[in-house]
Amino acid sequence: MASAASITHQAPLQSADLIEYLTARAWKIPPGVEETAFRYLVGRLDFAGLLGLVEAAREAAPWMRPASLYQLWLDEVPADATLRHAAYFNLGVELANVGDTVAAGAAYNAALSLKSDFLIAAINLGLMSEGQGKHDEALEIWRRSIQPDDMRTTLLNQRGRLLERLNRFEEAERELYRSLLTVPKQSDAISHWVHLRLKMCAWPVYLPIPGLTKDDMVASSGGLTLMSLFDENAVVNRWVEQWISRFGAPERLAPAQGYAHEKVRIGYLSSDYNLHPVSMLMVELIEKHDRAKFEVYGYDMGLDDNSYLRHRILGAFDQWFRVVEMSDDQVAALMRQHELDILVDLNGLTDGSRPGIVRRKPAPVQITYLGFVGSQPIPELDYAIVDDFVVPKDLAGDFHPKPLYMPICYQVNDSKALVDPSPTRESVGLPADKFVYTCFSNTYKITEEVFDAWMRILGGVDNSVLWLLARTPWARQNMQERARARGIDPGRLLFAGPASPAQYLARLPLADVFLDTYPYNSGTTASDALRMGLPIVTLSGKTFASRMAGSLLRTVGLPQGVTTSVDDYVKLAVKLGNKPKEYKAFRDALAGGEAWRRTLGDTDRFVQELEERLLAIRVTPGKAG
């Protein structure tokens, strides 16, 4: 979230006499006559002198509230004093910092009444309303403040950010588009705008914007967007290198020679210790780490959703720390204090990530896992946990950091996930007599090319429907319109309603074939399908993201579900829908989920194999790292 900031000034200090007066009295204001003299002297300062006094007081007299000095100056100077509006603004910042939101709001409004185009005050006033949960009030403050000047884009971007957070995607996309039409080259605005269009299935994703080429937009798109659209590590590498260059290279904290602990201290950093796919996969691994060899620390920098999964995964750590309010420096220093041998970052560069922590190198060995399945050329990362299908050795040259190969499959799973009793097709709105294709992946993974392939599949299998998970009305509408344009009745697209994780797993066997996305495959969702005995047709490319489901299919013994071209993907899916005997053999290979349970679901084996590799890469004194 954006943060408020005070106005500063570099003018020569003009309050030296007053500071000398206060210093002589140990920064104490005597009552009576001298208090009156003090007020008089403050009232004689110009704004630059006031700033000098406030900054001097912060160092020498922290008990003297800056807000009191700003208010005193405002009380004493004439109503037409220069920069009076700025003093009200700084007063608002100081009051907001100590939690007096009512008085802070009054100060911001006073600043705006003196200078209606003082838009930084409108930004802070809106942010404060947003922080109080008054979202419509914040949006209205920013709406009425938008004017055709340099601050217009900032206000549009604030509205777009909050509207996206409120899942009002269409309005958010429109505001960001207006912002880019005003000032085209805004990397953050481009990134959010493009990803919103992906989530809404608004194709083509890259619309023309005067002053921007498509290459400009690609260069500013986020990592998840690029993995959804491009089957090339080089595209993601360029974005990562450009993105991390903003932050510089902080001082590395961990000793290169490592530590001599009896047990390996391993820390897991994540913003997803809640009802999130990363925790759904990781929880049993945390529970089953061998405590005779490992001490396991958790660092939580995300949402507290009070879910059963959050309580389970946090309860599995030997120690866990809530670090969401701490700075990157503070979190890294805490990890250094804990003397971690290995740090595993479960975010990578996804939402909620804080790469500044990893860049401070708080552990001698640092690993990326699960959250971001793209290449990450970040110098402070040492390894990525992979397998030789998702990162084949002949494609590893442009994949970063160094692959840490698991012997079978990269993906850990929770064998204990709860599953509700199986519903009927009728109870979830599915026809009993149709061949049901499904994809429950996030809509940002559904590209124009993949959706058109799905329409070809439906066109080739008359008695079929496609069952999708589209949480927003815009994604549903756009997919229905696209189906109609491709000659497919939109009524053949069926949309699943909300469900708990246990209900969602129970619904999966009702479908006949899971159609994977490309170039960003399903990961957790693909494993869920195989767990429930639902076979997958996937398309494997050249990147980790495009090969995840193929790795899972290889592991469970269904490699015939892997294709390597769009035409072969369509051909296989159509054949399965039209040839019952071949379909039965395809599905029977999963044995109703038994193939998953003895392979991907064997968490004990995975933990043992991972721990062997962690012990091998641990840096200890006297051992080369």
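K445 lies over the face of Y520, 4.2 Å from the ring centre, and R547 is placed likewise over the face of F389, at 4.3 Å from the ring centre; a charge sits over a ring if NZ of Lys or CZ of Arg is within 6 Å of the ring centre and within 35 degrees of the ring normal. The model is predicted, with local features needing pLDDT of at least 70 and side-chain atom pairs counted only at pLDDT 80 or more, while totals for chains, interfaces and linings use all residues. Residues are numbered from 1 along each chain as its sequence is written, and side-chain values use heavy atoms, with hydrogens and water left out.

Turning to rings that meet other rings, the structure holds 19 aromatic pairs, where rings of Phe, Tyr and Trp (its six-membered ring) pair if their centres lie within 6.5 Å, and planes under 30 degrees apart count as stacked, over 60 as edge-to-face and the rest as tilted. One of them joins Y177 and W193, which are stacked at 5.8 Å centre to centre with 20 degrees between the planes. This pair links distant parts of the chain, 16 residues apart, since Y177 belongs to helix α10 (residues 169-182) and W193 to helix α11 (residues 187-199); helices (H or I, at least four residues) and strands (E, at least two) are DSSP runs, numbered from the N terminus.

The rings of Y410 and F544 have centres 5.1 Å apart and planes at 80 degrees, so this pair is edge-to-face. Because Y410 lies in the loop between β7 (402-405) and β8 (435-439), and F544 in the loop between β12 (536-539) and α23 (548-556), the pair ties together parts 134 residues apart in sequence.
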